[in-house]
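Work through the two exercises below with the structure in view. Each task is followed by a stepwise solution.

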Amino acid sequence: MKTDLAERIRTLSADQWEATVAYRRHLHRYPELSFQEHQTVRYVAERLTEMGIPFQAGVGGTGLLGWIEGRDPGSSVVALRADMDALPIQERNEVPYRSEHAGVMHACGHDAHTASLLGAARILHQLRDEFSGTVKLIFQPGEEKFPGGATLMIADGVLQNPTPKSVLGQHVHPPLVSGKVGFRSGAYMAAADELYFTVIGRGGHAAYPHLVIDPVLMAAKLVINLQRVVSRFARPDQPAVLSIGRVIADGATNVIPDRVHVAGTFRSFDAELRERSHEEIRRIARGTAEMFGGQIEVDIKVGYPPLVNHPALTARTRALACAYLGDDHVVDLDISLGAEDFAYYSQVSDACFYRLGTGNPDRGITAPIHTPTFDIDENALDTGQGLMAWLALGELEHKR
Ligand code: NI
């Protein structure tokens, strides 16, 4: 693409950076939990109306689909996606835009994703006489919660009439300094399944252990035995993780309870390993229960699929990012065992999910996502909106 277009986008982005910061701060101040993004989506709709960009609200529940048509709108179509939901975390940042909703916080940067997509939309709308094709704007709800807003948006037809040839999404990344972005081709984020165990014994007085079937000891053994799945069952070159984060044994110092609740996550990439591991997890639960003469009920909730970045699309967007930001501002990412519902777009379309650097160690902006002190260097919004607009135009021009 022409370098003068890159320069125009940089200028437009710089000119409207303050407005995008204001969008982000508003969204940060009024965060909403997954599938409850009513005020958020109203705010998005108001901004798009101001810009003169058409949209349809009520897509996938609390989602919204906007579109920007250039010349010859049917000639080429790409989709840009932002998620809008927040997390059940009490913010601990002392900032003017601190969350005003008790116990709810944009601690995963979805405020920055939404603001960046609004900013990108504004840039693309201003350039609409200079490109051919259509850019779809997917503002989706519920990324943080199963079944994931992406599934609802797809079911509601956001990837049809017209079908985009590719979907692009970005996500904040505190370990990367603002101004930089990161890419990974192929498998990038894991499939995530939730594990729930009900460990059933027979409670009683702690001083008479010979008269009880101790579910606490059984649960402890279960947690240890489950470590076998990753350490001895998965091939060493297959990334997988099994973590138990919840063990509830509601007895007392002198009371052994009847049951213990254990819950955790299993993450993997390979479909066969995923399926076989579920069987192994059930086998381990049976074996552990057998050892104690108790019972262990297993409930595995199959979650998001693995996120696979389309190799050719990722190579193109990475090259475009280098042209827009400079080679030294584009890095390659390691594989992640995190999970992300953007994976659903990657299953049905060519898709690329990249990371937007938002950290700034010099200013103390280093807190990881999903923590009460997470924040971003807002200079990243300039990169976030400008790059997204540039990538969309580059992808529209690409001939299959
Ligand atoms: Ni997120």
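**Exercise 1.** State the volume of the largest pocket, then describe its lining.

Step 1. The largest pocket has a volume of about 820 Å³. A pocket is an open set of points on a 1 Å grid over the protein atoms alone, where a 1.4 Å probe fits, with protein on both sides within 12 Å along at least five of seven lines; lining residues have an atom within 4 Å of a point.

Step 2. The lining counts 38 residues, and Glu144, Ala192, Arg267, Ala339 and His370 are the closest to the centre.

Step 3. S5 contributes the most, with five residues. Strands S8 (191–200) and S12 (259–268) are among the other elements that give two or more. Strands are DSSP runs (E, at least two residues) and helices are H or I runs of at least four, numbered from the N terminus.

The model is predicted: local features need pLDDT of at least 70 and side-chain atom pairs 80 or more, while totals for chains, interfaces and linings use all residues. Numbering starts from 1 along each chain as its sequence is written, and side-chain values use heavy atoms, without hydrogens or water.

**Exercise 2.** Find which residues coordinate the nickel ion, and where they lie.

Step 1. Cys108 (SG), His110 (NE2) and His171 (NE2) coordinate the nickel ion at 2.2 to 2.3 Å. Donors are N, O and S atoms within 2.8 Å of the metal (3.2 Å for Na, K and Ca); water is not among the atoms, so sites may look incomplete.

Step 2. The donor spacing along the chain is C-x1-H-x60-H. Cys108 sits in the loop between strand S3 (77–83) and helix H4 (110–126), and His171 in strand S5 (residues 166–177), so this pair ties together parts 63 residues apart in sequence.

Step 3. Both Cys108 and His171 are buried (under 20% relative accessible area, 1.4 Å probe, protein chains only).

Conventions: Buried < 20%, exposed > 50% of the residue type's maximum accessible area, 1.4 Å probe, protein only. Points joined across faces, edges and corners; volume = space filled by probe spheres on them.
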